[in-house]
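Me: I am new to this structure and would be grateful for a close look at a single part of it, the largest nonpolar core. Which residues make up this core, and what surrounds them?

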Amino acid sequence: MESPDLELNNGATVMIINSLGIKGNISPRAKSFLEYVNDRIVRDAFTQEIADEVTRLKRSSAVRRQYMLLEMKLHDARMDGREEGKIEAETSTALDMLKDKEPLTKIVKYSRLSEEEIYALAQANGLTVIE
């Protein structure tokens with residue numbers, strides 16, 4: 001499905017292809033490429049060239065280092081996302097409990113926020129902390 005109204009504003013053209021799709025006509029070269037992507041089967045000189053380059057890159061220590069760095073950055077990003085999600089959940093819990101006029105000790109216990117954080121959250125949302 002084409003989305004001509006979708007603009008990425010980065011100068012890139014993006015094409016998403018289902019490599020196992022059965023609809024539409026594609027060139028023999030594209031078909032050969034997709035078969036290589038799916039099954040690593042080399043059918044012609046074009047896919048042999050791709051296979052050779054993949055092998056060369058896999059043997060490159062510089063590429064392996066770059067890949068490991070990328071994996072580390074992705075791991076860090078996932079961990080940051082988890083931490084952000086945890087903070088959001090804690091804040092949401094505390095906010096709901098403040099709205100329900102739960103006592104401070106109970107909010108601390110269940111939200112895992114500090115008393116100072118709960119007071120700040122209450123103030124930012126115009127709520128009162130029940131001692």
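Reply: In this predicted model, the largest nonpolar core consists of 11 residues in all: Ala94, Leu95, Met97, Leu98, Leu104, Ile107, Leu113, Ile118, Leu121, Ala122 and Val129. The elements that contribute two or more residues to this core are H3, H4 and H5. H3 supplies the largest share, namely four residues.

The packing of two of these helices may be considered next. Two packed helices are described by the angle between their axes and by the distance between the axes. Helix H3 spans residues 61-99 and helix H5 spans residues 115-124; their axes come within 10 Å and cross at roughly 65 degrees. The crossing in which H3 passes H5 is right-handed. On the side of H3, the contact is formed by Thr91, Ala94, Leu95 and Leu98, while H5 contributes Ile118, Leu121 and Ala122. Sorted by class, the contact of H3 with H5 contains six nonpolar residues, one polar residue and no charged residues.

Leucine 98 deserves separate attention, for this residue is listed both in the core and in the contact between H3 and H5. When neighbours within four places in sequence are left aside, leucine 98 is in contact with Ile107, Ile118, Leu121, Ala122, Leu127, Thr128 and Val129. Among these partners, Ile118, Leu121 and Ala122 belong to the H5 side of the helix contact, and Ile107 and Val129 are listed as members of the core.

The chain beyond H3 leads to proline 103, which is placed in the loop between H3 and helix H4 (104-111). Proline 103 has a relative accessible area of 28%, and is therefore classed as partly exposed. The C-alpha atom of proline 103 is separated by 7.2 Å from that of valine 129, although the two residues are 26 residues apart along the chain. Not counting residues up to four places away in sequence, proline 103 touches Ile130 and Glu131.

For comparison, a second pair of helices may be described in the same terms. Helix H1 (residues 28-39) and helix H2 (residues 45-59) pack at an angle of about 35 degrees, and their axes are 9 Å apart. The crossing of H1 and H2 is right-handed. Arg29, Ser32, Phe33 and Tyr36 of H1 meet Phe46, Thr47, Ile50, Ala51 and Val54 of H2 in this contact. By class, the contact of H1 with H2 has six nonpolar, two polar and one charged residues.

Definitions and conventions
Residues numbered from 1 in each chain as written. Predicted model: local features only at pLDDT ≥ 70, side-chain atom pairs only at ≥ 80, totals over all residues. Heavy atoms only, no water. Axes fitted to C-alpha atoms, helices over the stretch in contact; angles between N-to-C directions. Left-handed = near helix turned anticlockwise from the far one by under 90°. Contact = heavy atoms within 4.5 Å. Nonpolar A, V, L, I, M, F, W, Y, C, P; charged D, E, K, R; others polar. Buried < 20%, exposed > 50% of the residue type's maximum accessible area, 1.4 Å probe, protein only. Core = buried A, V, L, I, M, F, W, Y, C linked by side-chain atoms within 4.5 Å.
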